[in-house]
Amino acid sequence: MKIEEKAYAKINLGLDVTGKRDDGYHLVRMIMQNVDIYDTLTFEENDTGEIVLTASSPKIPTDDTNLICKVAKQLQDKYQIEKGANIDLVKRIPVAAGMAGGSTDGAAAYIALNKLWGLGLDKKTMCGLAVRLGADIPYCIIGGTALAEGIGEELTTISPMPKCTIVVAKPDIDVSTGWVYKELDSKETSQHPDIDGIRTAIENNDLREMCSLIGNVLEPVTTAKYPVIKEIERLLEDNGAIRALMTGSGPTVFAIYDDETKAKEGYEAVKDSGLAPELFISKPINL
């Protein structure tokens with residue numbers, strides 16, 4: 001049997017950090033949204049018991065450090081699975097981009113291996129296992145539009161994001177999430193996004209109100225070191241975006257448009273500038 005799964009990227013419409021636990025994990029309140037940029041993973045059972053991962057990009061580790069392999073090993077150990085799996089990853093989501101590219105691949109591994117090995121797990125059980133490997137993986141299992149709290153694992157599904165077109169632009173830099181949070185801890189944070197206001201605007205299907213409120217408490221940290229992020233945001237807003245914002249710990253920028261033609265113009269402006277070699281026109285998606 002062969003199983004194919006699409007692993008969708010996410011953006012943060014709102015990201016706030018409200019504290020820090022004794023174990024070092026940060027407490028967050030985030031509005032998460034899938035976009036239709038995705039990796040494709042193919043799973044096939046083998047009789048050797050080995051987890052064999054291949055990937056289309058040389059940037060992707062294919063050993064036990066990869067979340068896909070960690071998920072497979074965790075499931076094998078917990079449920080005494082003697083079968084293995086051959087897994088192929090076609091990577092499209094930018095790497096080290098603040099779009100949960102690794103976490104969403106891990107989520108796809110839970111969903112596919114659950115089917116491949118006949119485990120019969122529901123999403124709640126998978127999320128309980130997933131949070132031990134990464135705080136973003138439970139959201140990636142549930143997907144859609146959601147409020148994430150705690151360390152990211154307390155999820156509340158909310159109304160779908162208003163229809164729009166989204167330009168996604170990643171400059172040619174990689175940002176360490178650990179570094180961003182360490183820098184955040186060393187500074188006083190004065191401005192926090194209105195997460196509840198963003199949620200209300202989404203539930204009222206008010207795109208412009210939502211755009212006026214979106215915010216990311218990590219953005220000032222990352223942009224202080226990488227000013228190109230602000231350059232891209234300005235360029236997109238100068239070319240018709242209602243609003244542009246950094247997602248996650250960066251460096252990727254997303255820009256929200258209420259007009260697809262304007263979005264194409266914004267895409268072309270960034271393409272011509274050379275500021276972001278990885279560039280997409282996408283839409284929000286609810287699975």
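A pocket is an open set of grid points with protein on both sides within 12 Å along at least five of seven lines. In this predicted model, the largest pocket holds about 950 Å³ of space, and the second largest pocket has a volume of about 380 Å³. The points below take up these two pockets and then turn to strand 10, which spans residues 253–257 and is largely enclosed by the rest of the structure.

**The largest pocket**

- The lining of the largest pocket is made up of 39 residues, and those that lie nearest its centre are Ala-100, Ser-103, Asp-136, Thr-177 and Ser-249.
- At least two lining residues come from each of strand 1 (2–20), strand 2 (26–46), helix 1 (67–79), helix 2 (101–116) and helix 5 (177–185), and helix 2 gives the largest share, with four residues.
- Sorted by residue class, the lining of the largest pocket contains 21 nonpolar, 14 polar and four charged residues.

**The second largest pocket**

- The second largest pocket is lined by 21 residues, with Gln-191, Asn-216, Val-217, Glu-219 and Pro-220 lying nearest its centre.
- Strand 8 (215–216), helix 8 (219–225), helix 9 (228–238) and strand 9 (243–246) each contribute at least two residues to this lining, the largest share being the four residues that come from helix 8.
- The lining of the second largest pocket divides into eight nonpolar, seven polar and six charged residues.

**Strand 10 and its pairing**

- Strand 9, which supplies residues to the lining of the second largest pocket, runs antiparallel to strand 10 and is joined to it by four bridges.
- Within this pairing, Ala-244 has Ala-255 of strand 10 as its bridge partner, while Arg-243 is bridged to Ile-256.
- Six residues lie between the strands in the hairpin of strand 9 and strand 10, where Gly-248 takes a positive phi near 55 degrees.
- Strand 10 also pairs with strand 7 (residues 165–170) in the antiparallel sense, over five bridges, and here Ile-166 stands opposite Ile-256.

**Burial of strand 10**

- Why is strand 10 described as largely enclosed by the rest of the structure? Five of its five residues are buried, and therefore the strand is largely enclosed, where buried means under 20% relative accessible area.
- Both faces of strand 10 are covered, with Val-253, Ala-255 and Tyr-257 buried on one side and Phe-254 and Ile-256 buried on the other.

How values were computed. Residues are numbered from 1 along each chain as its sequence is written. This is a predicted model: local features need pLDDT of at least 70, side-chain atom pairs count only at pLDDT 80 or more; totals for chains, interfaces and linings use all residues. Side-chain values use heavy atoms; hydrogens and water are left out. On a 1 Å grid over the protein atoms alone, a cavity is a set of points where a 1.4 Å probe fits but cannot get out, and a pocket is an open set with protein on both sides within 12 Å along at least five of seven lines; lining residues have an atom within 4 Å of a point. Grid points are joined across faces, edges and corners, and a volume is the space filled by probe spheres set on the points. Ala, Val, Leu, Ile, Met, Phe, Trp, Tyr, Cys and Pro count as nonpolar, Asp, Glu, Lys and Arg as charged, and the others, Gly among them, as polar. Two strands pair if DSSP finds at least two bridges between them. Buried means under 20% relative accessible area, exposed over 50%, partly exposed in between (1.4 Å probe, protein chains only).
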